[in-house]
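Visitor: I am new to this structure and would like a close look at a single part of it. Could you take me through that part slowly, one residue after another?

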There are 6 protein chains.
Amino acid sequence: MRPSGRAPDQMRAILIEPGFTRHAEGSVLVSFGDTRVLCTASVETSLPPWLRGKGKGWVTAEYGMLPRATHTRGRREAAGGKQSGRTQEIQRLIGRSLRAIVDLEALGERQITLDCDVIQADGGTRTAAISGAWVALRIAVDKLIAGGQLEADPIRQKVAAVSCGFHGGQAVLDLDYDEDSQAGCDGNFVLTGDGNIVEAQVTAEGECYDEEGLLRLLRLARIGCNQIFAAQDAAVTAAAAAR
Amino acid sequence: MRPSGRAPDQMRAILIEPGFTRHAEGSVLVSFGDTRVLCTASVETSLPPWLRGKGKGWVTAEYGMLPRATHTRGRREAAGGKQSGRTQEIQRLIGRSLRAIVDLEALGERQITLDCDVIQADGGTRTAAISGAWVALRIAVDKLIAGGQLEADPIRQKVAAVSCGFHGGQAVLDLDYDEDSQAGCDGNFVLTGDGNIVEAQVTAEGECYDEEGLLRLLRLARIGCNQIFAAQDAAVTAAAAAR
Amino acid sequence: MRPSGRAPDQMRAILIEPGFTRHAEGSVLVSFGDTRVLCTASVETSLPPWLRGKGKGWVTAEYGMLPRATHTRGRREAAGGKQSGRTQEIQRLIGRSLRAIVDLEALGERQITLDCDVIQADGGTRTAAISGAWVALRIAVDKLIAGGQLEADPIRQKVAAVSCGFHGGQAVLDLDYDEDSQAGCDGNFVLTGDGNIVEAQVTAEGECYDEEGLLRLLRLARIGCNQIFAAQDAAVTAAAAAR
Amino acid sequence: MRPSGRAPDQMRAILIEPGFTRHAEGSVLVSFGDTRVLCTASVETSLPPWLRGKGKGWVTAEYGMLPRATHTRGRREAAGGKQSGRTQEIQRLIGRSLRAIVDLEALGERQITLDCDVIQADGGTRTAAISGAWVALRIAVDKLIAGGQLEADPIRQKVAAVSCGFHGGQAVLDLDYDEDSQAGCDGNFVLTGDGNIVEAQVTAEGECYDEEGLLRLLRLARIGCNQIFAAQDAAVTAAAAAR
Amino acid sequence: MRPSGRAPDQMRAILIEPGFTRHAEGSVLVSFGDTRVLCTASVETSLPPWLRGKGKGWVTAEYGMLPRATHTRGRREAAGGKQSGRTQEIQRLIGRSLRAIVDLEALGERQITLDCDVIQADGGTRTAAISGAWVALRIAVDKLIAGGQLEADPIRQKVAAVSCGFHGGQAVLDLDYDEDSQAGCDGNFVLTGDGNIVEAQVTAEGECYDEEGLLRLLRLARIGCNQIFAAQDAAVTAAAAAR
Amino acid sequence: MRPSGRAPDQMRAILIEPGFTRHAEGSVLVSFGDTRVLCTASVETSLPPWLRGKGKGWVTAEYGMLPRATHTRGRREAAGGKQSGRTQEIQRLIGRSLRAIVDLEALGERQITLDCDVIQADGGTRTAAISGAWVALRIAVDKLIAGGQLEADPIRQKVAAVSCGFHGGQAVLDLDYDEDSQAGCDGNFVLTGDGNIVEAQVTAEGECYDEEGLLRLLRLARIGCNQIFAAQDAAVTAAAAAR
């Protein structure tokens, strides 16, 4: 029995609210249950120096967590003077996952930065961030297309992410904080809308796993991502209607 | 005529939503028009070293702005490795303003940290932060009292803050971003519920001012703070009802 | 009775010695009693990137305190790896105060940096710094004019600053360290030679104040600044004579 | 055809030289072809503060790359003032992989730090580091046992790691730099001596992959790790003989 | 012919003014010609952690240069966030030189920090700093002895320092900035009152030197240090008279 | 009697292995007994900004020590976020020593960086680093000449370095860690192949020295450097043969 009473293959409630803030070219508040992440897409025409004049663009991400997003207050990274290894690992994963489905040549010489800031944390912040960031990116790119700044759509696929792991010996989908802190092993899967894998990371936390375990987690991830894709579609439609 | 069409002594819509996040002992989302700041109060029993064993507590504040809270994306301070002078100046002001109305002996040996994170910026983020932080603090302290952890109420007064300035030669209340960036001079006033002044800061930006100008801004600030005090009362009442 | 025996509206001895060091284009050692600050003005033709090619200049300030300027040794900021929030707040105030009276277009494409380094501290270091920095700036600009590098004088006004506060319930002028550490509230006023206000900051430290209190402090500040203006005039005259 | 002429399931030459340096409790130079990493195990009795007095130990890792380990010189991280995100990600992976096979209670209140410094890089530095660090750890623990400082062996399993990926559409084992920089996707697998998985990470770099692809890479990884386990055994035996 | 017209073995005017600032236990302004360094000695009873409880004390130094001490403005180290290699090298030399003549056991469990801040630079700042720091230390220790806090005098010797070098092929004493920037080689000698050497550093800058050259510089250094010792004596006497 | 049983004027075994790593333009592993330093020379065509367009090149050095090169593990400088004063002092010395014998005009507009990383430390790491770095530089420059990129040889001299000091009252050559930690005074000498001095630094550690002592150390240094020059010749010859 999961602490939350969910079935093993049951996601938490997914909610993706477009337009949560108004300055960014794309903005959503994504919730996976009590995990809530604000994702904004900022379009800029200046590129990092190593990319200038190559006829292509760049997609990157930054991740942060408000100090009291968590059960007990964490240190503010800006006050500490550096981003933790965990923060850097997550923001590298978010950026890589989105670049995997973007045609950087078609994007042209512009950079889109996805800022993913965790307002409230209850497990799965990185997967919620990737899933929400895709919608923010989609909305920003749709504005560029609508404004005549882009001819072809540089986004080749949807992308979504979800965590899975073994909890009490059972493979379960979309771990919340209680499960995550007791999981024997846990993983994150980033999948595309056409069923392929962008990234799979499964880490033993106390108990190792075998090939069969890896596959069971992957299959749960497919179930979860399909629900996320539907929520993404709904959010993109709502954003288009609001324009 | 103000860019927003407001009368010179007209505040933007004030909204203080308690319980915006669930882990913090006190949490509100405060809006002054399009400026929105998440304020959380975290109660901890560990004190900074220089205060330990003195039979009194501490109230402090940290301030941050999400990179895309603003019209154009700003640099993430955690990535840059330090907090700007502006950030430090603001968080020092917030902490000082709240300590001015708290009896630190009555608080006992605990520290309350107010985290004020700007979700969306449209001028006046520091004054919204002070006004919201007071409510978060009030809610946290009410929980300590309700839980029997505090006997006497350490909060002596309400405190609220608002900006005023000269725009187009006219004294106006609660400047938004458009006004702020063109103001001849602008100031921030932190006032208590019984009408006294905690802090007054008025800075010439291009045109100096005289004693009469200073007094006109102070009188506008009184009008604004009275409305904020009412919104604070409503939020505290709502939070109590929700408990 | 003030600890120093001074009357409530009595300044400490003001001394502004021009030419204290010889490399800077302008240099003074300013003393408000035992508070001594070395102020130098450095003229450079390189501008910060965001100002280049706009046909105007910039005036900025940096502030520091020698580790043993104070009663007990403080940490050297360079060794600690960052400037404190207090340091940044002060240097921002100094820069803002001087820019308020300089015509940046008339200054042309050059930057003048005012370095204000506290040799000995006894309260009021930031107000001594502003008052001395104005003289260093004046001397440096006079050299530019004398050398034919400037046609019109970009300095529109004198500017001086002084602290005031309530000590033992009494409004007093120019607080020294003993008074400052016990003051109920204290403020800094930056005034121009023609009687206007550049910046007013009054902060409650333990006891709040009212409108009447604010005005009494402002009136004391006028008395103090008039004496500082006279000392500035004498220093500028002496510097001109020495040229 | 692989650039190196190797068969798809062919590892580079594996060499693990124990005793490469003499101060560390365990020390090896591990080579996967031209990739060479110095791994040292340092045993210390001081623990990080959050682990003290809990009757258990800790295993952690740090990773570095000499500036000219690579084809072109990279920036020295110590000079730049921080470790890159990549460095932090790798050292977190190494530490996690070794902790997965160590009984921290059986280790007692001591910390073992694995320093993995890349002397020469040609792809696969993190997998060589994990594989070599295990041997350094094994040697250090054997010394503790031989010296009577440990009663039970806290190491439960061997652990080794290898990279695999798709290069030119073909699944290949142990990518060198040439292959790595052109790979469509690449992954790192950390496996235990009894055939289980500690960590699997597979990342699309330009082309996504499917479930079948994931399994093919895992099977290659098993082939590689079995060879590494044999090299580890030989190194441990040689180290014991030299004692 | 030296640019300054001095004879090869002629020092600049040496002036050591005790009591330049009043908070420090020892304070002097030392001038070697236009080079002026403020040296303060701060006595503290807290020791660095690694020295506590060992029945002995510590003497250390910090060095800084005001940004406009030099011909053109340098970057403020506190603003840049770190001390340069040059600064660290100099402050290590100053601390080492003073520890060489102090009996740390006799000093007891206290730390004396010598802060050497360059007010104006014209070559030889490190040698002026060592020479002045000794006087500040002497004054501070005399106060401890006079106050009954020390029984035996922990200072075993006088110490002074001077630079020498080859300029235009000629060995010259006490290089000023003009000479220093054109010197073929330059060195710093730290000598004790009884004629021994604490530190000798001679560096080729463009032309190497031989044993005879080294000895000629050392002999010049003796001439210079003897004059500095006399100036130190005068300053210590003046400080004692003023007490 | 020296702890190692060596005669006072006896060097440890010197070994300079060229080609220890393969990416760098020049690379050696230098051993002075158990002290082993990897020195690489990297040739780059980009120059530091202040040297561009002046028709000359630059030679610089960076120094590091692996955390467990020493008897007990030291902190990794990259993790601590800065290089220690000792590290900076050493790398400045290495760079200065090599520039002293290079004709920077003849080098042309290129920069050569010598990275000296201590693999194992047993005293004398900086002198081994200088001696090895010269060989790495020589090999890199020979490649430039062989490749037709340089017409004239910019290296004017050999350079080598060795430490000497007083141990137990006796002047000894090439101190190892045991001697170094008990030495009364110790020094480093950098000499050229034609017998001149590039740098002499002799520091009292507990006991001061006199002119005669300085000369005895210098004479020992000559003995040591002559042996190092022979080892350098052998290494350069071996590197040429291997090309």
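Guide: In this predicted model, the side chain of A:Arg86 makes a polar contact with the side chain of A:Tyr63, at 3.3 Å. A:Arg86 belongs to helix α2 of chain A, which covers residues 85-99, and with a relative accessibility of 30% it counts as partly exposed. Once its neighbours within four places in sequence are set aside, A:Arg86 is in contact with A:Tyr63, A:Met65 and A:Thr125, and also with D:Arg92 of chain D.

One of these partners, A:Thr125, appears beside A:Arg86 in a record: an unreviewed UniProt entry lists A:Arg86, A:Gly124, A:Thr125 and A:Arg126 under "binding site". Although these residues span 41 residues in sequence, no two of their C-alpha atoms are more than 13.3 Å apart, so they gather at one spot.

A:Arg126, another residue from that record, is found in helix α4 of chain A, residues 125-146. Its relative accessibility is 19%, and because buried means under 20%, A:Arg126 counts as buried, whereas A:Arg86 counts as partly exposed. Leaving out residues up to four places away in sequence, A:Arg126 touches A:Glu89, A:Ile90 and A:Leu93, together with A:Asn188 and A:Gln201.

As for how chain A relates to another chain, chain B can be laid on chain A by a turn of 180° and a shift of 0.0 Å along the axis, with an RMSD of 0.0 Å. The two copies are thus related as by a two-fold rotation axis, and the same surface serves both, since 100% of the contact residues of chain B recur in chain A.

Conventions
Residues are numbered from 1 along each chain as its sequence is written. Chains are lettered from A and ligands numbered from 1 in the order in which they are written. This is a predicted model: local features need pLDDT of at least 70, side-chain atom pairs count only at pLDDT 80 or more; totals for chains, interfaces and linings use all residues. Side-chain values use heavy atoms; hydrogens and water are left out. UniProt positions are given in the numbering used here, feature names are shortened, and annotations may be inferred rather than shown by experiment. Helices (H or I, at least four residues) and strands (E, at least two) are DSSP runs, numbered from the N terminus. Buried means under 20% relative accessible area, exposed over 50%, partly exposed in between (1.4 Å probe, protein chains only). Contact means heavy atoms within 4.5 Å. A polar contact is a pair of N or O atoms within 3.5 Å; within protein, one must be able to donate a hydrogen and the other to accept it, and residues adjacent in sequence count only if both atoms are side-chain atoms. Copies are superposed by least squares on the C-alpha atoms of residues with pLDDT of at least 70 in both.
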